[in-house]
Amino acid sequence: MTDAPSPLSQDMPPQELSARLEQANRQLVQSEKMAAIGQLAAGVAHEINNPVGYVYSNLQSLGTYLTDLFRLTDAVDTAESLEDLRQIRKSIDYDFLRGDLEDLLAESREGIERVKTIIAAMKDFSHTEEEEFRYADLHRGIETTLNVVNNELKYKAEVVRDFGDLPEIECIISQLNQVVMNLLVNAAHAIEESGTITIRTRSEGGFVTLDITDSGKGIEQAHLNRIFEPFFTTKPVGRGTGLGLSLSFNIIEKHSGQITATSTPGQGTTFHIRLPVSQPHSPASV
Ligand SMILES: Nc1ncnc2c1ncn2[C@@H]1O[C@H](COP(=O)(O)OP(=O)(O)OP(=O)(O)O)[C@@H](O)[C@H]1O
Ligand SMILES: [Mg+2]
């Protein structure tokens with residue numbers, strides 16, 4: 001059995017304290033990510049359930065149609081006359097069957113495409129081993145995240161993409177995806193019935209900016225400078241952990257970037273992120 005680490009204390013040598021905080025932060029990033037993925041898994045299951053449901057029922061219809069079609073082709077050998085064949089063709093409602101077959105196949109293909117997209121997004125999202133900074137496409141990360149949180153957003157918000165021309169940026173994309181996910185889920189929670197979430201990206205010199213604006217209930221001035229604190233939440237007990245934004249803050253800081261929020265109560269909130277295209281010096285992994 002290994003010794004449990006001694007509790008953090010202010011008397012510790014600063015280097016040890018900093019190493020321990022660093023380790024605690026790493027664990028927090030990991031456990032928050034696992035919790036988020038767990039919570040989303042339910043939503044994703046729901047998303048997959050729908051296309052799988054209709055592909056399954058389409059397969060059943062296809063089975064019935066095939067039985068009818070076989071009746072027709074088998075009759076080629078047994079029918080006494082062409083007229084008999086025409087009769088069978090009429091009785092199976094051939095014209096309808098043909099049209100419907102094409103529709104069923106197209107719809108099933110679309111359903112399977114949707115499932116494939118969701119699975120690809122989950123894979124992109126859960127690159128737990130990916131802990132190194134490398135150049136990646138932020139827009140692709142945003143699309144991946146939108147696919148994962150679609151279930152939380154679709155009944156509440158219209159998502160507007162106002163994308164600029166971005167270079168690839170040096171980052172740990174799975175962690176930036178996590179930040180985008182926190183911001184999108186918070187935005188959806190802030191919208192009571194229905195509203196808009198705008199995602200705006202721009203490139204400015206050696207930086208890129210990402211703004212996520214919602215038309216939700218906004219944040220009171222008194223809360224605005226507390227939202228990045230760990231465990232600060234206005235959600236009911238059991239709903240929010242209050243870790244989403246503090247975690248996002250840490251991730252953006254590790255990327256040598258900034259994250260700020262502006263809000264007008266009753267009108268909405270914007271989270272503004274600024275990230276360097278290249279990390280200033282040989283970056284340590286988070
Ligand atoms: N877009 C937003 N609109 C209004 N309030 C927000 C928004 N984003 C964050 N907040 C406020 O900031 C608080 C902290 O957000 P944070 O994401 O850190 O935690 P949480 O959403 O409460 O819980 P968790 O993300 O851990 O489930 C929220 O409880 C909410 O009061
Ligand atoms: Mg949150």
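Start by selecting E16: this residue is partly exposed, with a relative accessible area of 36%. You are looking at a predicted model, so please read each stop on this tour in that light.

**Stop 1: E16 and its partner**

Keep E16 selected and add R20. Their side chains meet in a salt bridge, at 3.8 Å from N to O. Both residues belong to helix α1, and they sit four residues apart, about one turn of the helix. An α-helix has 3.6 residues a turn, so residues three or four places apart point the same way. Is R20 buried or exposed? At 17% relative accessibility R20 counts as buried, because the cut-off for that class is under 20%. E16, at 36%, is partly exposed.

**Stop 2: further along helix α1**

Now select residues 14-78, the whole of helix α1, and pick out R26 within it. R26 is partly exposed, at 40% relative accessibility. Add N250 and draw a distance between the two C-alpha atoms: the value is 9.9 Å, although the residues are 224 apart along the chain.

**Stop 3: helix α7 and the loop after it**

Select residues 244-254 to bring up helix α7, and colour its buried residues: G244, L245, S246, L247, S248, I251 and I252. Just after α7 comes S256, in the loop that leads to β6. If you display backbone torsions, phi of S256 is near 55°, a positive value in a residue other than glycine. S256 is partly exposed, with a relative accessible area of 33%.

**Stop 4: another positive phi**

Which loop holds D93? D93 lies between α2 (82-91) and α3. Phi of D93 is near 55°, again positive in a residue that is not glycine. D93 has a relative accessible area of 45% and is partly exposed.

**Stop 5: a charged patch on the surface**

Turn on the surface and select E102, D103, E107, E110 and E113, which gather in a patch of negative charge. Zoom in on E110, a member of helix α3 (residues 94-125). E110 is exposed, with a relative accessible area of 55%; the class applies because the value is over 50%.

**Stop 6: strand β7 and its neighbours**

Hide the surface and select residues 268-276. This is strand β7, which is mostly covered, with seven of its nine residues buried.

- Add residues 207-214 for strand β5, which pairs with β7 in the antiparallel sense over eight bridges. Label F207 to find its bridge partner in β7, P276.
- Add residues 258-264 for strand β6, which runs antiparallel to β7 and is joined to it by seven bridges. Here I259 stands opposite I273 of β7.
- Follow the chain through the hairpin of β6 and β7, where three residues come between the strands; G266 there takes a positive phi near 90°.

As you look at side chains here, keep in mind that in a regular strand they alternate between the two faces of the sheet.

**Stop 7: more salt bridges**

Side chains of opposite charge can pair when their charged atoms come close. How many salt bridges are there in the model? The count comes to eight. Stay at β7 and select R274 with E204: they form a salt bridge whose closest N and O atoms are 3.4 Å apart. This pair links distant parts of the chain, with E204 in strand β4 (residues 195-204) and R274 in strand β7, 70 residues apart. E204 is partly exposed at a relative accessible area of 41%, and R274 is partly exposed at 26%.

Next, select E229 and R226, whose side chains meet at 3.0 Å, N to O, in a salt bridge. E229 is partly exposed at 32% relative accessibility, as is R226 at 37%. Then select D162, R200 and R202 together to see a network of salt bridges that links them.

**Last stop: the whole view**

Zoom out and switch to a cartoon. The protein has seven helices and seven strands. Trace the chain along the sequence and the pattern reads α-α-α-β-α-β-β-α-β-β-α-α-β-β. To finish, colour by accessibility: of the 286 residues, 38% count as buried.

Notes: Residues are numbered from 1 along each chain as its sequence is written. Chains are lettered from A and ligands numbered from 1 in the order in which they are written. This is a predicted model: local features need pLDDT of at least 70, side-chain atom pairs count only at pLDDT 80 or more; totals for chains, interfaces and linings use all residues. Side-chain values use heavy atoms; hydrogens and water are left out. Patches are made of residues with over 30% relative accessible area and no salt bridge: like charges are joined within 9 Å, nonpolar side chains (Val, Leu, Ile, Met, Phe, Trp, Tyr) within 5 Å. Accessible areas come from the Shrake-Rupley method with a 1.4 Å probe; for residues, only the protein chains shown count as cover. A salt bridge is a side-chain nitrogen of Lys or Arg within 4 Å of a carboxyl oxygen of Asp or Glu. Lys and Arg count as positive and Asp and Glu as negative; His and the chain ends are not counted. The place of a charge is taken as NZ of Lys, CZ of Arg, CG of Asp or CD of Glu. Helices (H or I, at least four residues) and strands (E, at least two) are DSSP runs, numbered from the N terminus. Buried means under 20% relative accessible area, exposed over 50%, partly exposed in between (1.4 Å probe, protein chains only). Two strands pair if DSSP finds at least two bridges between them.
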